[in-house]
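Here are a few exercises to work through with the model open beside you. Try each task before reading its solution.

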Amino acid sequence: MLDATLQGVGIALIPTFIANSYLADGSLLEVLPEWKFENPFPRQAYIITLPQKLLPLKTKVFIEDFMQWLKKREN
């Protein structure tokens, strides 16, 4: 959807964490700013791993970093 919007095909509902950099550099323009979408699942993320007790270190580090990133976005 993002690629099509960047090519001028139409308008799209794109999450702000994806759209912000494109809005900042002028690649995307905000339309209908008064229209708001109510997210039925605010700030939820799921991490699915294989059913093993010991996760690889790189997986643990990714999960921890991702959770910190999400927490920063809540403020």
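**Exercise 1. The aromatic cluster**

Task: Work out which residues form one aromatic cluster in this predicted model, and classify the ring pairs of Phe 17 with Trp 69 and of Phe 62 with Phe 66.

Solution:

Step 1. The members of the cluster are Phe 17, Phe 62, Phe 66 and Trp 69.

Step 2. Count the pairs: with ring centres required to lie within 6.5 Å, the total is 3 aromatic pairs. One of them joins Phe 17 and Trp 69, with 6.0 Å from centre to centre and 80 degrees between the planes. Planes over 60 degrees apart count as edge-to-face, so the pair of Phe 17 and Trp 69 is edge-to-face.

Step 3. Place this pair along the chain. Phe 17 belongs to helix H2 and Trp 69 to helix H3, 52 residues apart, and the pair thus links distant parts of the chain. Phe 17 is exposed, at a relative accessible area of 56%, while Trp 69 is partly exposed at 29%.

Step 4. Turn to Phe 62 and Phe 66. Their ring centres are 5.9 Å apart and the planes differ by 15 degrees, which makes the pair stacked. Both residues sit in helix H3, and because they are 4 residues apart, about one helical turn separates them. Phe 62 is exposed, with 52% relative accessibility; Phe 66, at 25%, is partly exposed.

**Exercise 2. Leu 32 and the nonpolar patch**

Task: Describe the backbone and surroundings of Leu 32, starting from its phi angle.

Solution:

Step 1. Leu 32 is not a glycine, yet its phi is positive, at about 55 degrees.

Step 2. Locate the residue: Leu 32 is found in the loop that runs between helix H2 (16–24) and helix H3 (57–74).

Step 3. Check its accessibility. With a relative accessible area of 49%, Leu 32 is partly exposed, because exposed requires over 50%.

Step 4. Look at its company on the surface. Leu 32 joins Ile 11, Leu 13, Val 31, Trp 35 and Phe 37 in a nonpolar surface patch of about 680 Å². Leu 13, another member of the patch, is in the loop between helix H1 (2–6) and H2.

**Exercise 3. Distances across the chain**

Task: Say how the protein is divided into domains and how far apart the domain centres lie.

Solution:

Step 1. Domain 1 covers 1–38 and domain 2 covers 45–74.

Step 2. Between the C-alpha centres of domain 1 and domain 2 there are 28 Å.

Step 3. For a residue-level distance, take Leu 32 and Leu 55: they are 23 residues apart along the chain, and 45 Å separates their C-alpha atoms.

**Exercise 4. Two residues and their contacts**

Task: Is Thr 5 buried or exposed, and which residues does Leu 23 touch beyond four places away in sequence?

Solution:

Step 1. Thr 5 lies in helix H1. Its relative accessibility is 15%, and buried means under 20%, so Thr 5 is buried.

Step 2. Leaving out neighbours within four places in sequence, the contacts of Thr 5 are Gly 10, Ile 11, Ala 12, Ile 14 and Leu 28.

Step 3. Leu 23 is in helix H2 and is partly exposed, at 35% relative accessibility.

Step 4. Not counting residues up to four places away in sequence, Leu 23 touches Leu 28, Leu 29 and Glu 30. Leu 28 is also among the contacts of Thr 5.

Conventions. Residues numbered from 1 in each chain as written. Predicted model: local features only at pLDDT ≥ 70, side-chain atom pairs only at ≥ 80, totals over all residues. Heavy atoms only, no water. Helix = DSSP H or I, 4+ residues; strand = E, 2+ residues; numbered from the N terminus. Buried < 20%, exposed > 50% of the residue type's maximum accessible area, 1.4 Å probe, protein only. Domains from an automatic or database assignment. Patch = residues over 30% accessible without salt bridge, like charges linked within 9 Å, V, L, I, M, F, W, Y side chains within 5 Å. Areas by Shrake-Rupley, 256 points an atom, 1.4 Å probe, with all protein chains shown as cover. Salt bridge = Lys/Arg side-chain N within 4 Å of Asp/Glu carboxyl O. Phe/Tyr/Trp six-rings, centres within 6.5 Å; stacked < 30°, edge-to-face > 60°. Contact = heavy atoms within 4.5 Å.
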